[in-house]
Amino acid sequence: MPAAVERTLLLLKPDTVHRGLIGEILSRIERKGLKIIAMKMMALQDSLIEEHYFFHREKPFFPEIVKYMTEGPIVALVVEGDGAIALMRALCGATDCAEAAIGTIRGDYGLTIRYNLIHASDSAETAAVEIPRFFDETEIHPYARKILE
Ligand code: CMP
C-alpha cells in the first residue's frame, strides 16, 4: 500500500547557500519524485530561530545554532509526496555529517554536526507546526502533475 501523501518543512541552511549547493539539493529532492510546493529565501530573525529550535534551548550548543542560522540567508521549502517526511529524512542522512551514509546529502557534502546543510521535519506532528511557522497558506502552491506534450 502506498504511504500517505505528506508535507514536510525543509530549511536549506546558510552553509548550503554559501557553498552553492542549493541547486544540487533541490535536484536530489526533485529527482526522487517529491514535489516542491513552496519555496523562499529568508534571513532569519533570532526570535524565529529560537522558536524553531526551542527543544534545544537548554543545550550547550544552542548559541552556536543561533549564530550558524544567521550566518547568511536560508531557503525554506515545503515538499509534498507519498511518505515525504521519512523519505526526506532518508535523503538527508544522519544529523551528524560525520556519521551520515555516503549517498545522502549530509554524507556527501558535510563534515560536522553543526554545519549539516539541511533541516527536515522529523514527524507529521512536527511538520504540522513547522510549516505554518515559515509559510502562510497563500505561499503554498499544491498542483497536480501534468505530462507536457
Ligand atoms: P537540525 O537537525 O536542524 O537540529 C538541530 C541543529 O543543531 C542540528 O541540525 C545541527 O545543525 C545543530 N547541532 C546539533 N548538535 C550539535 C552540536 N553538538 N554542536 C553544534 N551544533 C549542533
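Which backbone oxygen lies 2.5 Å from a polar atom of the side chain of Lys 35? The first view answers this, and the others move on to the sheet and the cores; please keep in mind that this is a predicted model.

**View 1. Lys 35 and its surroundings.** The backbone oxygen in question belongs to Tyr 143, and it sits 2.5 Å from a polar atom of the Lys 35 side chain. Lys 35 is found in strand E2, which covers residues 35-42. With a relative accessible area of 13%, Lys 35 counts as buried, because the cut-off for that label is under 20%. Once neighbours within four places in sequence are set aside, Lys 35 is in contact with Val 78, Val 79 and Glu 80, and also with Tyr 143, Ala 144 and Arg 145.

**View 2. The four-stranded open sheet.** Follow the strands here in the order E2-E3-E1-E4, paired in antiparallel fashion. E2 and E4 (118-120) are the edge strands, each pairing on one side only. On average, and ignoring direction, neighbouring strands of this sheet are turned by 20° against each other.

**View 3. Strand E3 and its two partners.** E3 (residues 74-82) pairs with E2 in the antiparallel sense over 7 bridges. Two pairs of residues help you find your place along this pairing: Lys 40 stands opposite Ala 76 in E3, and Met 41 stands opposite Val 75 in E3. Strand E1 also runs antiparallel to E3, joined to it by 8 bridges. There, Arg 7 is opposite Glu 80 of E3. Since 8 of the 9 residues of E3 are buried, this strand is largely enclosed by the rest of the structure.

**View 4. Helix H7 against the sheet.** The sheet keeps its E2-E3-E1-E4 order in this close-up. Helix H7 (residues 124-134) packs on the sheet and touches E1 (5-12), E2, E3 and E4. The direction of H7 makes about 55° with that of E1.

**View 5. The largest nonpolar core.** This core has 23 residues, and Leu 44, Met 69, Phe 134 and Phe 135 have the most contacts inside it. Two or more residues come from each of E1, E2, H3 (46-52), H4 (62-69), E3 and H7. H4 gives the most, with 5 residues. Look for Phe 135 here: not counting residues up to four places away in sequence, its contacts include Leu 9, Ala 38, Met 39, Leu 77 and Ile 140.

**View 6. A second, separate core.** This core has 19 residues, among them Leu 12, Leu 26, Ile 36 and Ile 105.

Key: Residues are numbered from 1 along each chain as its sequence is written. This is a predicted model: local features need pLDDT of at least 70, side-chain atom pairs count only at pLDDT 80 or more; totals for chains, interfaces and linings use all residues. Side-chain values use heavy atoms; hydrogens and water are left out. Buried means under 20% relative accessible area, exposed over 50%, partly exposed in between (1.4 Å probe, protein chains only). A polar contact is a pair of N or O atoms within 3.5 Å; within protein, one must be able to donate a hydrogen and the other to accept it, and residues adjacent in sequence count only if both atoms are side-chain atoms. Contact means heavy atoms within 4.5 Å. Two strands pair if DSSP finds at least two bridges between them. Axes are lines fitted to C-alpha atoms, for helices over the stretch in contact, and angles run from 0 to 180 degrees between N-to-C directions. A nonpolar core is a set of buried Ala, Val, Leu, Ile, Met, Phe, Trp, Tyr and Cys residues joined through side-chain atoms within 4.5 Å.
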